[in-house]
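Dear colleague,

I am passing on the structure we talked about, together with some notes on one part of it. Please look through it with the notes beside you.

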Amino acid sequence: MIHAWHAKLKDDPRFARVLKGGVSGVVGKTTTVLANAISLPIAVRYLGREQYGFWITISTTIMMLTVLDLGIANTLTNCISRAYAERSDEMAKRYYATAFWATSAVAAVLGIFGVLCWRFIDWGKLFGLHDPAVAQQAGQCAAIAFGYVLLTFPLGLANKVMGGYQRVPVANAFSMLNSVLGLVATIVVVGMHGTVVDLMIAYCAAMLTGTILLNLWMALCPEFRIRPTLRRVDLGVVREIMSQGLLFFVLQLTGLAVFNTDNLIIAHFLGAEQVTPYAVTWRLVGYCSVLQALLVPSLWPAFSEAYVSHDLAWIRTAYQRIMRATVLTVIPTALFLGFAGRWIIGVWAGKAAVPGSVLLWGMCFWIVLLSITLNQAALLAAAQQIQLQAIYSSVAAVLNLILSIVLVQHLGAIGVLSATIISYLLFIVVPATWQIRQILQGRYLHANSVHGKQEVEADVIESVGVLPVLPGDAYFK
């Protein structure tokens, strides 16, 4: 069996790279999970319910600004994958240098804008804080987190480059270092009885360390030597990146509304202390999709390279495998947490973080739904079929915000989660499933050459009568 498995990996190097990325992700994610499992209860017990509530709200709110890179980072994954498929290192270097300086310019503009507007923001009112001293600390933490996000705009592109080259294990190694350093920073600050501001400074500095080291490694490694030199900046590349980037930008804005506004809405209408059980529960339930999420960073560039090569047969097989793996891992884990989650959270993070049963089961259902659509999103992005996705995702985001604001005032935190699930089911799951079917049948693939056209036509003919595996089908097979 081992010999057969080894032969299979040897015959399919693309799948081997995906698998290696997943295995390295298991190691990296295990490290991250352990680090979070240790640091979260320490932070909750040390900061208390209100301070931890605004800490996590600031973290999720400021991270919303990452979408303001205009979609350049996500576009870079496809660009590097295409350069890798065409075996053009020079093309990859031009893409990276152009993206690096473009995101640096965006970060500089946002930094100036932030400095001008910062003093007009009432942080106490925004986060539902009543103590002026705590409100001042919240403003300082927000400023630190804002600076961290701006620095990650250009520095974080190194992860996209490694993903495009299908060298995800390298990125995972440095991400693992970030997790360890973040845990060390938390323990040191708590041991020294520092303030929440000290904790934010130490944590952000620790999380930047691994990212900076990855950039240095990528610039010095003989295999790559990719450096963002100004002489490689290409205006033609800028137009290409921005044309696709704006579509990703729209998708990121809609994702922001769906995924990152919950804590802010709860804090504003219900108070910061109500964020703690919601955020801690989501952190725990999110572990259900760990194994599936580990493969997506490797799967996206592999899908992209295969799509450029017109290898629809491989895409169908890989998509079927990832869907089956998702259903077999996420659903049983979600059911287990639905029954045991409240007890686990009580032991893990304390009574202040224990959610209601309805909220817990709602999140278990939400993580199953989200996990399936993550696979869809990876294939849609790799095939660059995001125009229609940007439209229906925008509708879902608007509906989600409106419903969240209305339902949170009547149902509490569960109202925010209900709004997310309703909008996601109606305006993302249904149209995305239809688009995936079109991709797997080769409807969107336009060959640029006679040889490529013949390959695509032959592949589509062979698939007649064989329906691709879709999210809904996975439950019945």
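**Asn178 and its surroundings**

In this model, which is predicted, the side chain of Asn178 reaches the backbone oxygen of Met207, at a distance of 3.1 Å. Asn178 itself lies in helix α8, and because its relative accessibility is 8%, under the 20% cut-off, it counts as buried. Leaving aside residues up to four places away in sequence, Asn178 touches Ala206, Met207, Leu208, Thr209, Gly210 and Thr211.

The helix that carries Asn178 may be worth tracing from end to end in your viewer. Helix α8 runs over residues 168-191, which makes 24 residues, and it reaches 35 Å from its first C-alpha to its last, close to the 34 Å expected at 1.5 Å a residue. After α8 comes His193, a residue whose phi is positive, near 60°.

On the other side of the contact, Thr209 has its place in helix α9, which covers residues 196-220. Is Thr209 buried, exposed or partly exposed? With a relative accessibility of 31%, which falls between the cut-offs of 20% and 50%, Thr209 counts as partly exposed. When residues up to four places away in sequence are not counted, Thr209 touches Asn178 and Leu181. Thr209 can also be set against Ser175, since the two are 34 residues apart in sequence, while their C-alpha atoms are 9.7 Å apart in space.

With best wishes

Methods:
Residues are numbered from 1 along each chain as its sequence is written. This is a predicted model: local features need pLDDT of at least 70, side-chain atom pairs count only at pLDDT 80 or more; totals for chains, interfaces and linings use all residues. Side-chain values use heavy atoms; hydrogens and water are left out. Helices (H or I, at least four residues) and strands (E, at least two) are DSSP runs, numbered from the N terminus. The expected span of a helix is 1.5 Å times one less than its number of residues. Buried means under 20% relative accessible area, exposed over 50%, partly exposed in between (1.4 Å probe, protein chains only). A polar contact is a pair of N or O atoms within 3.5 Å; within protein, one must be able to donate a hydrogen and the other to accept it, and residues adjacent in sequence count only if both atoms are side-chain atoms. Contact means heavy atoms within 4.5 Å.
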